[in-house]
Amino acid sequence: VNYYQNLLNQAKGDTQLAISFIEKDYTVGTRQVTDNLTATLEKLGLSSAQEQEQLAGNLNQRGIALTEDNGQISYAGGGQAGTELGNLNQAQGLRKEAEQRSARQNIETAGLTREKGITEAGQGLTQTAQSLAKAKQQDILGRGQQYYNIYQNKITSDAQQKMNQQATGTS
């Protein structure tokens, strides 16, 4: 709430300007999340390649020979190598999926925050408009009462003056 109040204060009560601030913050935040995800996925890709090389080296040291067929590396020696490779691939896929979900959740949260901010700015505008209308109505009523009182005092004064003139016999 303070965030939105600060934006309204920065915009000097102009809700359209405050909404544009919210939209800009959302766009920047979304871009940052996307950039972070891209960088993280690149790092995961690099570490995945390193993990694949380490596994291949480990399997080679254990006597499970590597074979290459049309650029594809496969492992001789049965199911152990395949199981280890499958586990590594699964772990890498889960890490990648976790990063993507986290980024998606951050973007969704930013979207909800944006919508909330726009709603609050609109409510602020409505409340301001209502307050101004009420203040204007109070001002009008106050001035009307003031003019009425002046008019009543004038009538009373004129009546008093007439009574004084009649009592003294002058017109």
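## The Asp158–Lys154 pair

Asp158 and Lys154 join their side chains in a salt bridge, with N and O 3.2 Å apart. Keep in mind that this is a predicted model. Both residues sit in helix α3, four residues apart, which is about one turn of the helix. Asp158 has 31% relative accessibility, so it counts as partly exposed.

An α-helix has 3.6 residues a turn, so residues three or four places apart point the same way.

## Two more bridges along α3

Searching the whole structure turns up four salt bridges, and the Asp158–Lys154 pair is one of them. Another links Glu97 to Arg101, where the closest N and O atoms are 2.6 Å apart. Here too the partners are four residues apart in helix α3, which spans residues 79–168, so about one helical turn separates them. Glu97 comes out as partly exposed because its relative accessibility is 32%.

Then there's Arg143, whose side chain meets that of Asp139 in a salt bridge at 3.3 Å, N to O. Arg143 and Asp139 are four residues apart in helix α3, so once again the separation is about one helical turn. How accessible are the two ends? Arg143 is at 45% relative accessibility and so counts as partly exposed, while Asp139, at 38%, is partly exposed as well.

## Gln92 and its partners

Back in helix α3, Gln92 is worth a look. Is Gln92 buried or exposed? With 11% relative accessibility, Gln92 falls under the 20% cut-off, so it counts as buried.

Which residues does Gln92 touch, leaving aside those up to four places away in sequence? The answer is Ser48, Glu51 and Gln52. With Glu51 there's also a polar contact, side chain to side chain, at 2.7 Å.

## Helix α2

The residues that Gln92 touches take us to helix α2, which covers residues 15–61. Helix α2 has 47 residues and runs 67 Å from its first C-alpha to its last. That's close to the 69 Å you'd expect at 1.5 Å a residue.

As for burial, Ser48, one of the residues touched by Gln92, is buried in α2. The buried set in α2 also includes Thr15, Ala18, Ile19 and Ile22. Further on come Thr30, Val33, Leu37 and Leu44, and past Ser48 you'll find Leu55, Ala56 and Leu59, buried too.

Notes:
Residues are numbered from 1 along each chain as its sequence is written. This is a predicted model: local features need pLDDT of at least 70, side-chain atom pairs count only at pLDDT 80 or more; totals for chains, interfaces and linings use all residues. Side-chain values use heavy atoms; hydrogens and water are left out. Helices (H or I, at least four residues) and strands (E, at least two) are DSSP runs, numbered from the N terminus. The expected span of a helix is 1.5 Å times one less than its number of residues. Buried means under 20% relative accessible area, exposed over 50%, partly exposed in between (1.4 Å probe, protein chains only). A polar contact is a pair of N or O atoms within 3.5 Å; within protein, one must be able to donate a hydrogen and the other to accept it, and residues adjacent in sequence count only if both atoms are side-chain atoms. Contact means heavy atoms within 4.5 Å.
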